Amino acid sequence: MVVTVAAKCVAGLAKGLKKKFSAFTNTVLAAVLEKLKEKKQTVLDALKDAADALFKTTTLESILEDVLGHLENKNPNVKQETASFLGRCLTYCTPAILTKAVVKQICPKLIGRLDDTLPGVRAAAADALGVILKIVGDKPMGVYLDGLDKTKSEKVREASSKVEMKVAIKAPAPAPAAQTKGPAPTSKKASDSKIRSKPAVASSSAPKKVVPSKSSAVKVVAKPSGASVKGKGKGKAGGAGSGFQEVSIPVEPEASSEEVKEMAVEMLGESLVSQLENTNWKERIAACEEIQKKLESMDELNSFVLISLLAGKKPGWKDSNFQVMKLKFGLVSYVAKHAKGFGKRSIAASLSGLVDKLADTKLK
């Protein structure tokens with residue numbers, strides 16, 4: 001269960017931060033790949049989702065060493081799932097990414113897995129090779145496929161025919177057909193007419209060059225509009241299909257504990273603030289209940305003062321009575337939902353208590 005939740009957290013961070021997460025990708029990916037030995041399907045699904053999300057934060061070349069290393073893992077599950085992961089990564093690659101040098105690194109490792117004793121590993125390796133064949137074509141892959149026996153070669157070609165690419169790629173150029181010798185020009189006049197026709201072809205093709213320039217101009221115009229939207233919290237990260245929105249979180253001004261207490265007294269009354277730190281737990285419960293009533297009657301809530309009061313007023317988040325803590329976390333929830341300026345300082349002060357009590361079954 002812990003592995004599943006951790007994998008979901010990694011996937012969420014990677015999907016949300018995108019390229020900003022790339023500094024941590026290699027470290028986290030190595031741990032995720034090592035955990036692919038898990039046999040429980042729910043855990044495995046979470047790990048695969050995390051690995052896929054991590055790939056999108058970086059480039060194929062930067063993770064290649066780790067991935068190829070795990071293809072040699074002693075655990076068959078790790079080998080199979082790593083080969084499958086590599087195959088999924090390759091569906092996002094173009095011929096420009098899958099250079100001759102990169103293909104030279106990957107193919108021998110995958111071909112080695114075609115001889116594995118387990119059919120799952122062999123199938124995953126054939127699928128990954130099929131993606132490479134789909135991208136680069138027969139000629140570059142001939143060096144590797146020609147050395148395989150007929151059965152293995154056919155499996156790779158069959159896998160290639162079923163590949164669904166996630167990016168658009170140009171189809172590999174077909175092998176040039178044998179040219180039949182046509183009749184020679186019958187006269188000098190005919191050859192001269194061909195020579196004269198060449199400038200006309202060049203001029204007729206010239207307008208076609210305008211098309212890409214138009215589309216690129218549209219892209220340039222689109223960028224500023226995207227940037228302006230991003231400022232409103234609906235930028236690229238919150239685009240269609242991403243599932244995430246960039247939200248502007250305010251930062252409250254700093255205040256000393258004395259200033260917080262003064263503002264709390266002004267808002268709630270001195271007796272209620274003092275009651276919150278009473279040594280009798282029943283008094284603290286009564287104080288929390290009274291604060292809840294007062295908050296419900298207020299039009300505007302100062303989240304920073306309220307959260308700082310709950311966290312800082314002894315015993316704060318270290319209260320040993322679970323009933324008091326339940327009421328305090330209930331107040332945090334109410335303030336977070338109803339206060340307009342629930343900012344970074346309030347979030348940090350709340351999380352310091354919430355994270356510490358996550359494992360407390362009485363507070364769930």
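This report covers the overall fold of a predicted model, then one helix, one cavity and one proline.

## Overall fold

The protein chain is helical, with 17 helices and zero strands. It has 364 residues, and 35% of them count as buried.

Contacts reach far along the sequence. Among those with a separation of 6 or more, 72% join residues 24 or more positions apart. The accessible surface comes to about 22,800 Å². Carbon and sulfur atoms hold 58% of that surface.

## Helix H12: two sides

Helix H12 runs over residues 257-268. Its 12 residues, at 1.5 Å a residue, should span 16 Å. The end C-alpha atoms are 16 Å apart, so the expected span and the model agree.

Which residues of H12 are buried? They are Val-260, Ala-264 and Leu-268. Seen down the helix axis, the buried residues fall within an arc of 45°, so they line one face of H12. The spacing fits a general rule: an α-helix has 3.6 residues a turn, so residues three or four places apart point the same way. The other side of H12 carries three exposed glutamates, Glu-258, Glu-262 and Glu-266.

## What packs on H12

Several helices help to cover the buried residues of H12. Among them are H13 (270-275), H14 (281-297) and H15 (303-312).

Just after H12 comes Gly-269. This glycine takes a positive phi of about 100°.

## The cavity

How many cavities of 30 Å³ or more does the structure hold? The count is one. The largest cavity contains about 30 Å³ of space.

Its lining is made up of Leu-268, Ile-291, Leu-295, Leu-306, Leu-309, Leu-310 and Leu-331. H14 and H15 are the elements that give two or more residues each to this lining. H15 supplies the largest share, three residues. Leu-268 links this site to the helix described above: Leu-268 is one of the buried residues of H12, and Leu-268 also lines the largest cavity. H14 and H15 likewise appear twice, as part of the cover over the buried residues of H12 and as contributors to the cavity lining.

## Pro-140 in helix H8

Pro-140 lies in helix H8, which covers residues 138-145. Is Pro-140 buried, partly exposed or exposed? Its relative accessibility is 40%, so Pro-140 counts as partly exposed. The cut-offs behind that call are under 20% for buried and over 50% for exposed.

Pro-140 and Lys-100 are 40 residues apart in sequence. In space, their C-alpha atoms are 7.7 Å apart.

Notes: Residues are numbered from 1 along each chain as its sequence is written. This is a predicted model: local features need pLDDT of at least 70, side-chain atom pairs count only at pLDDT 80 or more; totals for chains, interfaces and linings use all residues. Side-chain values use heavy atoms; hydrogens and water are left out. Helices (H or I, at least four residues) and strands (E, at least two) are DSSP runs, numbered from the N terminus. Buried means under 20% relative accessible area, exposed over 50%, partly exposed in between (1.4 Å probe, protein chains only). Contact means heavy atoms within 4.5 Å. Accessible areas come from the Shrake-Rupley method with a 1.4 Å probe; for residues, only the protein chains shown count as cover. The expected span of a helix is 1.5 Å times one less than its number of residues. The arc is that of the directions from the helix axis to the C-beta atoms. On a 1 Å grid over the protein atoms alone, a cavity is a set of points where a 1.4 Å probe fits but cannot get out, and a pocket is an open set with protein on both sides within 12 Å along at least five of seven lines; lining residues have an atom within 4 Å of a point. Grid points are joined across faces, edges and corners, and a volume is the space filled by probe spheres set on the points.
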